[in-house]
Amino acid sequence: MSTRPSARRAARPDARRGPPRPAVTAPPGCPAYHGAVSSQTMNPASTTASPLVGFGIVLGAAALFGMLGPLARFAYDAGMEPTAFVAWRGAVALVASMAYVAWRVRRRGIRLVRFADLPTRPRVLLAIAATMGFTLNLSMFIAFDRITVALALLGFYTYPAMVAVVNVVLGRERLDTTRVVALGLAIIGLIAVVASQLDPAGGLRIDVIGVALALVAALSQTVFVVIGRDGYREVPTEQAMTVVLGAAAVGAIVVAVLGGSAASLIYPLQAPDVLPLLAFTGIFAAAIPSIGFLTGIRAIGGTRAGILMLFEPVVGVALAAWLLGESLVPVQLVGAMAILAAALVLQRSASSDAAEPTAVHAGP
């Protein structure tokens with residue numbers, strides 16, 4: 001029996017399925033990845049979520065990060081020292097993120113990238129991001145010890161403005177009217193929420209080193225946000241944040257040992273009642289919001305994500321009032337409303353982005 005008709009049918013494209021798709025090949029200078037590559041890594045310019053979804057993810061991450069203040073207070077009341085608390089939080093977050101990555105791989109949600117196969121540029125940028133995560137935690141921890149916490153937060157939360165300026169200078173994002181209005185409202189709201197906690201009568205601790213370290217933390221976060229969107233997009237979000245969390249955990253343990261707090265690291269093993277608190281903190285106030293934050297950065301850009309993260313101190317102040325009995329003053333409520341107004345302004349912008357196709361810059 002002749003096979004020519006079937007051969008002709010196989011060679012002729014099916015009109016219903018469209019023309020044959022070209023084979024996907026690795027970009028020049030980029031070796032093949034370890035195993036099959038996920039859709040995210042096959043198209044470096046793609047985002048992991050739509051703008052509106054990214055908007056919600058960042059707000060959720062900010063809310064979860066906002067729990068850190070009350071959770072830290074509970075841990076300290078239970079006998080934990082700050083350095084040990086940071087180290088355990090980082091270690092639990094690392095384990096949780098590794099478990100999540102393993103689950104995603106098993107369900108074929110992502111395909112891991114072998115770092116040895118990455119081009120030099122994304123490998124270096126991911127290493128820089130991990131370093132920034134460590135310097136952020138180290139700088140803020142020392143700043144909290146040297147100056148008033150509210151003052152340290154004011155210094156740290158200058159980073160959304162830094163991110164906006166850097167992105168404009170690099171030509172990656174436009175600082176249009178919407179972003180300017182949202183950034184202005186968010187900063188005014190932040191000052192109202194946090195600065196109201198500055199009570200000179202209660203002892204205002206301030207020194208040059210402490211303020212400088214808070215700004216170093218802001219710079220670290222700025223670098224992380226700027227390079228986080230496209231700098232190492234070949235690496236899936238979950239895998240990238242596992243590397244960042246791992247560096248932060250190891251760094252916190254090293255700082256605790258070098259700072260003379262090595263004995264405090266084993267305290268939770270001696271007082272197991274604190275372990276559930278540390279597990280909750282590491283999972284819900286570190287691992288989940290960290291992965292969510294990077295997902296949001298890749299979806300909506302660093303400027304928007306940085307502005308939306310100013311929702312974090314609002315949640316922190318509200319939880320402190322609810323769980324710790326701390327009073328809220330009217331100016332804090334006004335500040336919270338200003339930050340929420342900024343979020344609404346950005347939401348309208350995100351809706352426009354979702355309705356209109358936009359090109360995503362492929363550079364770092």
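## Cavities in the model

A cavity here is a set of grid points where a 1.4 Å probe fits but cannot get out, and its lining residues have an atom within 4 Å of a point. With that in hand, let's look inside this structure, which is a predicted model. There are 2 cavities of 30 Å³ or more.

## The largest cavity

The largest cavity holds about 100 Å³ of space. Its lining is made up of Thr-83, Val-86, Phe-134, Asn-137, Leu-138, Phe-141, Gly-251, Ala-252, Val-255 and Ala-256. If you would like to trace these residues by element, look at helix 5 (82-106), helix 6 (120-146) and helix 11 (237-258), each of which supplies at least two residues of the lining.

In chemical character, this lining divides into 7 nonpolar and 3 polar residues, with no charged ones. Glycine is counted among the polar residues, which is worth keeping in mind for Gly-251, a member of this lining.

## The second largest cavity

The second largest cavity has a volume of about 40 Å³. Around the space sit Leu-59, Ala-186, Ile-307, Leu-308, Phe-311, Ile-339, Ala-342 and Ala-343. Two elements, helix 14 (302-308) and helix 16 (330-355), give two or more residues to this lining. Helix 16 provides the largest share, with 3 residues.

What is the make-up of this lining in nonpolar, polar and charged residues? The residues divide into 8 nonpolar, no polar and no charged.

## Ser-264, a loop residue

Now for a single residue: Ser-264 is found in the loop between helix 11 and helix 12 (267-270). Is Ser-264 buried or exposed? Ser-264 counts as buried because its relative accessible area is 10%, and the cut-off for buried is under 20%.

Which residues does Ser-264 touch, not counting residues up to four places away in sequence? The contacts are Glu-81, Thr-83 and Ala-84. Thr-83 has already appeared above, as part of the lining of the largest cavity.

## Aromatic pairs

A pair of aromatic rings is described by the distance of the centres and the angle of the planes. Searching the whole structure turns up 7 aromatic pairs. One of the aromatic pairs is formed by Phe-156 and Tyr-159, with 5.2 Å centre to centre and 45 degrees between the planes, a tilted arrangement.

Both Phe-156 and Tyr-159 are buried. Ring pairs also bring in Tyr-157, linking Phe-156, Tyr-157 and Tyr-159 into a cluster.

Note on methods. Residues numbered from 1 in each chain as written. Predicted model: local features only at pLDDT ≥ 70, side-chain atom pairs only at ≥ 80, totals over all residues. Heavy atoms only, no water. 1 Å grid on protein atoms, 1.4 Å probe; cavity = no way out; pocket = protein on both sides within 12 Å on 5 of 7 lines; lining within 4 Å. Points joined across faces, edges and corners; volume = space filled by probe spheres on them. Helix = DSSP H or I, 4+ residues; strand = E, 2+ residues; numbered from the N terminus. Buried < 20%, exposed > 50% of the residue type's maximum accessible area, 1.4 Å probe, protein only. Contact = heavy atoms within 4.5 Å. Phe/Tyr/Trp six-rings, centres within 6.5 Å; stacked < 30°, edge-to-face > 60°.
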